[in-house]
Amino acid sequence: PFIKWHRPKRLIKRFARTWRCWVMANSWKTLKLGDVTKWSSGGTPKKSEASYWDGEIPWISASSMEGHLYTDSKLKITEAGLANGSRLAPKNSILLLVRGSILHQKMQVGLTTRPVAFNQDVKCLVADEEYLDPWYLLLWFKAKEQELLTIVESTGIGAGKFDTKLLSEYPIKIPPKDEREKIKEFGQALFDKSTNLIETNQTLEQMAQALFKSWFVDFDPVIDNALAAGKDIPEALQHKAELRKQAQQLSASPEIKSKPLPEDIRALFPSEFEQTHVPNIGIAGWIPKGWKACPMSELVEVASSKRVFAKDYVDSGVPFFRGKEITELSQGKKVNTEIFITEEKYQELKDKAGAPKEGDILITSVGTIGNTYLVKKSDKFYFKDGNLTWIKSYKKAFMPFYLKEWFNSNAAKDALERIKIGTTQQAITIKALNTVAMLNPTSEIIDIFEAHAKDIYQKHEANFQQINSLAKTRDVLLPKLISGDITINEDVA
């Protein structure tokens, strides 16, 4: 036997990397999490005491623990509320959810970017910066998520609970300061990139909704045409006409750089309004002339899926979605699929009654009502009957983006509210949804809107794929970096 030295540089590089990792690993310290952090518990001020609420101090609970940075929340308390039930987490502390049903699926943990209050389901951890800084501690929690979730116990009522004594004794490996800084910079860059993409997607969503509102709720192009043609504007629309005049004056100002609607598109809109006798359509019953008001059943088929029984569930195969998964998808989140059916069962169901395809819309219809997901070309899944309602088979025009934005609108929320049934658990039925009145613009305008919205949604999807890719990179590399198995210099480059 002999050694082939035809690639000496590669061998030397591999040896150097192994040696460096060995040296690094032997210079790391292993301590207990409780030895390098200070812990405190939060609380809830009395809900009945008005002087404790609607203040300026964000109050963090499980429902507001989204993302990795905690700056604000919907619920806020006053100084009196802080002194009578809660506690303040200082800036750059870690907030960790230690009790709640979500702990059976994922860990909720984040870094405070300002002082915030928190409730009793959350623990505050302040890092001892002699050993590690807050960002490194956050990355450690993110890297150890699946490991740590194994010590979650059940309370017997569907919720999960971290044993904080066990958690405080959990070993944490701490590298030398220069290595910590490298890991922190790498991890922070991944999170910052994801945050920027998420914010961009939020802007894109707002753009799509703003375009829908302008064209199909406020009727801005129609009012503009009526003003330009000197047509009479109904009294109910006079206020909006005044607002449009002001907007036109502003857009004409050299300080305002706004793009007017192209003439060829604006020409597709009428310049007059007509009264409709269908309740809750248009502005006080007025809609653009030539447009129609019709029940949803005239535009699409509203349906459900075929029944799938628990005995058909398997550990892997074609994803099977319930209201939970569609809600997550509607919020732009990555779904952690829990239930599957076999490929054979999927094909059987598809052959009998079809399966969701590009352009279809699914709506949560029991419990949490009205969350919608627009099916993509790459999707392959089946879904639970009853919990979800299926919008498919467009009858007059292919209008998935129009309907998706309609479901996001206040008009849709009001319409769904009117057709809800049930008290303890509310629901909407296919029969009731079929009767909901909708505005049906001309097919030319629908086509133009679909083209504009498609461009927005495609950008949104590309960003979403990048977010998922960054998450995969983070999930693969962070645990190895945190454990010292690889180093930043060459292994990650």
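In this predicted model, helix 3 (residues 134-143) lies across strand 2, strand 4, strand 7, strand 9 (109-112) and strand 11. The helix runs at about 170° to strand 9. The strands beneath this description belong to an open sheet of 5 strands, whose order is 2-11-7-9-4 and whose pairing is mixed. Strand 2 (37-41) and strand 4 (69-70) form the edges, as each of them pairs on one side only. Strands of a sheet pair through backbone hydrogen bonds, and the pairing can be either parallel or antiparallel. An antiparallel example is given by strand 7 (residues 94-97) and strand 11 (residues 122-127), which are joined over 4 bridges. Within this pair of strands, Leu95 stands opposite Cys124 of strand 11. Cys124 has a relative accessibility of 1% and so counts as buried, the limit being under 20%.

Cysteines lead to a further point. A disulfide is a covalent bond between the sulfur atoms of two cysteines. How many disulfides does a search of the whole structure find? The search finds 0. Cys294, like Cys124, is a buried residue, with a relative accessibility of 6% for Cys294.

Strand 3 offers another view of pairing. This strand covers residues 53-60, and 6 of its 8 residues are buried, so strand 3 is largely enclosed by the rest of the structure. Two of its pairings can be followed residue by residue. With strand 5 (residues 76-77), strand 3 runs antiparallel and is joined by 3 bridges; here Pro58 stands opposite Lys76. With strand 10 (residues 116-118), the pairing is parallel and extends over 2 bridges; here Trp59 stands opposite Ala117.

A loop residue can be buried too, and Thr276 is an example. Thr276 lies in the loop between strand 15 (273-275) and strand 16 (286-288), and its relative accessibility of 13% makes it count as buried. What does the side chain of Thr276 reach at 3.2 Å? The partner is the backbone nitrogen of Val278. Beyond its neighbours within four places in sequence, Thr276 is in contact with Ile281, Gly285, Ile287 and Ala293.

Attention now turns to charged side chains. The structure holds 28 salt bridges. One of them brings together the side chains of Arg307 and Asp385, with a distance of 2.6 Å from N to O. The two partners come from distant parts of the chain, 78 residues apart. Arg307 sits in the loop between strand 18 (301-303) and strand 19 (318-321), while Asp385 sits in the loop between strand 23 (382-383) and strand 24 (388-392). Are these two partners buried or exposed? Arg307 is exposed, with a relative accessible area of 51%, whereas Asp385 counts as buried at 14%.

A second salt bridge joins Glu461 and Lys376, with the closest N and O atoms 3.4 Å apart. Glu461 belongs to helix 15 (residues 443-483) and Lys376 to the loop between strand 22 (372-374) and strand 23, so this pair ties together parts that are 85 residues apart in sequence. Lys376 counts as partly exposed, at 26% relative accessibility.

A further salt bridge is formed by Glu338 and Arg322, and their closest N and O atoms are 3.0 Å apart. Glu338 lies in the loop between helix 10 (323-330) and strand 20 (340-341), and Arg322 in the loop between strand 19 and helix 10, so the pair connects parts that are 16 residues apart in sequence. Glu338 is partly exposed, at 38% relative accessibility. Which residues are joined into one network by salt bridges that share partners? They are Arg322, Lys324, Glu325, Glu328 and Glu338.

Helix 10 itself is mostly covered, with 6 of its 8 residues buried. The buried residues are Gly323, Glu325, Ile326, Thr327, Glu328 and Leu329. Glu325 and Glu328 thus appear both in this buried group and in the salt-bridge network. Among the elements that cover the buried residues of helix 10 are strand 19, strand 21 (361-364), strand 22 and strand 24. Just after the helix, Gly332 takes a positive phi of about 75°.

Key:
Residues numbered from 1 in each chain as written. Predicted model: local features only at pLDDT ≥ 70, side-chain atom pairs only at ≥ 80, totals over all residues. Heavy atoms only, no water. Pairing = 2+ DSSP bridges. Contact = heavy atoms within 4.5 Å. Axes fitted to C-alpha atoms, helices over the stretch in contact; angles between N-to-C directions. Salt bridge = Lys/Arg side-chain N within 4 Å of Asp/Glu carboxyl O. Buried < 20%, exposed > 50% of the residue type's maximum accessible area, 1.4 Å probe, protein only. Disulfide = S-S within 2.5 Å. Polar contact = N/O pair within 3.5 Å; in protein donor to acceptor, adjacent residues only side chain to side chain.
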